[in-house]
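Please keep the sequence and the coordinates side by side while reading, since the text moves from the strands to the helices and then to the interior.

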Amino acid sequence: MIPTPDLSHLTSRDFDKVYEPAEDTFLLLDALEQDEKTIQTQRPTICLEIGSGSGCVTTMLAKIVGEANAVFLTTDINNYACQATQRTAHQNKIRTIESIQTSLAESLLPRLEHAVDILCFNPPYAVTPPEEVGSHGIEAAWAGGVDGRQVIDAFLPFVPQLLSPTGVLYLLLINENRPAEIAEIMRAQYGMKAEIVMERRAGRERQYILKIQRTLS
């Protein structure tokens, strides 16, 4: 069992600016840990997390893969989150995570086209007024607009562009995001395999991990 990354260096002042790991974060960590052997067998060389926040998820992934075995990239629209990701990596003695301030994966293509082996995204999924979407502050961590889908729907076209032939996406969703509909979009529009591999109730939320990958031809 791989221990949860040490976040003791982050304080309440940090979490005024960066999303504090919560039940959704830990569900994503559990999904990665559940697939630990599969991920190690896959031997990923490029791992990417969209919206890294505190850096907890990618730090965990680096421990699973082995920091010397892959390139670990993260993006976040919030510059303070990029800094927090670096601090979390260093706190956990991980030196190979590179953080990039950008929206989704806009600055990574075409350089990473069909190159990402493990892709993770805990998106801003909360149902909010549309005008709250697009902030560069901590609101960007949760404001998902109508049905919590605005950022998610903007992200989906990036998936087939980014994933390598054996690449896998771990996408966290809640019930209001209509996970089954997103899975069908990935199948029907992009010809990809999509299945819910983990789910958990957290208070009034029902949270899901949707695992998306290319179909074997």
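The paragraphs below treat the sheet, the helices that lie across it, the core, the largest pocket and some backbone details.

This is a predicted model, in which local features need a pLDDT of at least 70 and side-chain atom pairs count only at pLDDT 80 or more, while totals for chains, interfaces and linings use all residues. Residues are numbered from 1 along each chain as its sequence is written, and side-chain values use heavy atoms, with hydrogens and water left out.

Helices (H or I, at least four residues) and strands (E, at least two) are DSSP runs numbered from the N terminus, and two strands are taken to pair if DSSP finds at least two bridges between them. On that basis the model contains an open sheet of seven strands in the order β3-β2-β1-β4-β5-β7-β6, with mixed pairing. Because β3 (97-101) and β6 (192-202) stand at the edges with a single partner strand each, one side of each is left without a neighbour in the sheet. Neighbouring strands of this sheet are turned against each other by 15° on average, direction ignored; the axes behind such angles are lines fitted to C-alpha atoms, for helices over the stretch in contact, and angles run from 0 to 180 degrees between N-to-C directions.

Towards the β3 edge, strand β2 (residues 71-76) runs parallel to β3 and is joined to it by five bridges, with E98 of β3 as the bridge partner of L73. At the other end of the order, β6 and β7 run antiparallel and are joined by 10 bridges, and R201 stands opposite R206 in β7. These two strands form a hairpin with two residues between them, and G203 in the turn has a positive phi of about 65°. β7 also pairs with β5 in the antiparallel sense, over seven bridges, where V168 stands opposite Q213 of β7. Seven of the 10 residues of β7 are buried (under 20% relative accessible area, with exposed meaning over 50% and partly exposed in between, for a 1.4 Å probe and protein chains only), so β7 is largely enclosed by the rest of the structure.

Two helices can now be placed against these strands. Helix α3 (residues 56-65) lies across β1 (46-50), β2, β3 and β4 (116-121), and runs at about 170° to β2. Helix α7 (residues 179-190) lies across β5 (163-174), β6 and β7 (205-214), and runs at about 170° to β6. Nine of the 10 residues of α3 are buried, so this helix is largely enclosed by the rest of the structure; among the buried residues are C56, M60, L61 and I64. α3 is followed by G66, whose phi is positive, near 100°. In the loop between α3 and β2 lies A70, which counts as buried because its relative accessibility is 11%. Leaving aside its neighbours within four places in sequence, A70 is in contact (heavy atoms within 4.5 Å) with P44, T45, I46, C47 and V65.

Nonpolar side chains tend to be buried together in soluble globular proteins. Here the largest nonpolar core, a set of buried Ala, Val, Leu, Ile, Met, Phe, Trp, Tyr and Cys residues joined through side-chain atoms within 4.5 Å, has 67 residues, and those with the most contacts inside it are L61, L119, F155, L162, Y170, L171 and I212. The largest share of this core, eight residues, comes from β5. Leaving aside its neighbours within four places in sequence, L119 is in contact with residues including L48, I50, F155, L162 and Y170.

What of the open space? A pocket is defined on a 1 Å grid over the protein atoms alone, as an open set of points where a 1.4 Å probe fits, with protein on both sides within 12 Å along at least five of seven lines, and lining residues have an atom within 4 Å of a point. Grid points are joined across faces, edges and corners, and a volume is the space filled by probe spheres set on the points. The largest pocket has a volume of about 660 Å³, and of the 48 residues that line it, G51, N122, P124, A140 and A141 are the closest to its centre. α1 (23-34) gives the most to this lining, with three residues.

Some backbone details remain. Most residues other than glycine have a negative phi, and most peptide bonds are trans. L109 and P110, however, are joined by a cis peptide bond with omega of about 5°, and P110 lies in the loop between β3 and β4. H114, found in the loop between β3 and β4, has a positive phi of about 55° although it is not a glycine, and H114 is partly exposed, with a relative accessible area of 43%.
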